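Biologist: Before we look at individual residues, I should like to learn how such a model is to be read. Where should one begin?

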Amino acid sequence: MIVHGHRISLVLGLLMAPCIGFAQQLDNTQIMTTLGQVKAAAPAVDVALLVEEANANVGKGVATLPNWNKLSQLSQLIVEIDFENNSTAIEPKSYRTVGLIADALHHPDLFRYKFLIVGHSSATGTAKHNLELSQKRADAINEALSTTFAVSPDRLFSVGAGEEWPIDPGQPESADNRRVQLINLGLLK
């Protein structure tokens, strides 16, 4: 059996912003600088509502929904992470990137913040399958950060968006749409 790798992007700065970093170029300073740009008036995000809305809108899109729209106002940056084809297994070459993210999350400048991991997929499978796969991939990043890299699990939340919020809407099957976002949700309470 041949397993093909798929590029998954991890978004940590402004969604669709020109600030795109790749695993080979990424460093902790970039991550900390981008994720540390928290607006005082950042909107509160209810993760349970995000999950509910994603499940209720399979195949209909989520970007314009009120709770999902709030995410575009929060800090994000694109980074490359690879998963095995149709799998939640993070490819070994991507663990360096996940480790860099963990190092940044352990830094005192970011240690008091909580983060949302949002999984996305391309439109190559059914909308329901893509939603489930994107949730599982977001959960895989969450688990890697909290177990392998000891980021406190109470700082991490995950949700899947499936194919509902493409970064390239003109090409829904594009690999660019397969990504995971890490979004600063604000201070821990």
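Modeller: One begins with confidence, since this is a predicted model. Confidence is lowest in strand β1 (residues 5-11), with a mean of 40, and highest in α5, with a mean of 95. Over the protein the mean pLDDT is 81, and 84% of the residues reach 70 or more.

Biologist: How should the part with low values be treated?

Modeller: Where pLDDT is low, the predicted coordinates should not be read in detail. Here pLDDT stays under 50 over residues 1-24. The model has 90 contacts beyond four places in sequence for that stretch.

Biologist: Let us turn to α5, then. What span should this helix have, and what does the model show?

Modeller: One multiplies the rise of 1.5 Å a residue by one less than the number of residues. Helix α5 covers residues 127-148, which is 22 residues, so it should span 32 Å; the C-alpha atoms at its ends are 31 Å apart, in agreement with that value. Just after α5, Ala150 takes a positive phi of about 55 degrees.

Biologist: How many salt bridges does a search of the whole structure find?

Modeller: Side chains of opposite charge can pair when their charged atoms come close. The search of the whole structure finds 1 salt bridge. The side chains of Glu132 and Lys128 form a salt bridge, with 2.8 Å from N to O. Both residues belong to helix α5 and are 4 residues apart, about one turn of the helix.

Biologist: Are Glu132 and Lys128 buried or exposed?

Modeller: Lys128 has a relative accessible area of 54%, over the 50% limit, and so counts as exposed. Glu132, at 37%, is partly exposed.

Biologist: How does one read the interior of the protein?

Modeller: In soluble globular proteins, nonpolar side chains tend to be buried together. In this model the largest nonpolar core has 27 residues, and those with the most contacts inside it are Leu105, Leu110, Phe115, Ile117, Ile141 and Leu145. The elements giving two or more residues to this core are α1 (28-35), β2, α4, β3 (113-120), α5 and β5 (179-187). Of these, α4 gives the most, with 6 residues. A second, separate core has 17 residues, including Val47, Leu65, Val118 and Ala161.

Biologist: Which residues does Leu105 touch?

Modeller: Residues up to four places away in sequence are not counted. Among the residues that Leu105 touches are Leu35, Phe115, Leu145, Val151 and Leu182.

Biologist: Arg179 is an arginine in strand β5. Is Arg179 buried or exposed?

Modeller: Arg179 is buried, because its relative accessible area is 1%, under the limit of 20%. The side chain of Arg179 reaches the backbone oxygen of Trp165 at 2.6 Å. A polar atom of that side chain also lies 3.1 Å from the backbone oxygen of Asn177. As for distance along the chain, Arg179 and Asp82 are 97 residues apart in sequence, yet their C-alpha atoms are 9.1 Å apart in space.

Biologist: I should also like to examine a polar residue in a loop. Where is Ser87 found, and what does its side chain reach?

Modeller: Ser87 is found in the loop between β2 (78-84) and α4 (95-106). Its relative accessible area of 18% is under 20%, so Ser87 counts as buried. The side chain of Ser87 reaches the backbone nitrogen of Ala89 at 2.9 Å. Beyond its neighbours within four places in sequence, Ser87 is in contact with Leu133 and Arg137.

How values were computed. Residues are numbered from 1 along each chain as its sequence is written. This is a predicted model: local features need pLDDT of at least 70, side-chain atom pairs count only at pLDDT 80 or more; totals for chains, interfaces and linings use all residues. Side-chain values use heavy atoms; hydrogens and water are left out. Buried means under 20% relative accessible area, exposed over 50%, partly exposed in between (1.4 Å probe, protein chains only). A polar contact is a pair of N or O atoms within 3.5 Å; within protein, one must be able to donate a hydrogen and the other to accept it, and residues adjacent in sequence count only if both atoms are side-chain atoms. Contact means heavy atoms within 4.5 Å. A nonpolar core is a set of buried Ala, Val, Leu, Ile, Met, Phe, Trp, Tyr and Cys residues joined through side-chain atoms within 4.5 Å. pLDDT is the predictor's confidence in each residue, from 0 to 100. A salt bridge is a side-chain nitrogen of Lys or Arg within 4 Å of a carboxyl oxygen of Asp or Glu.
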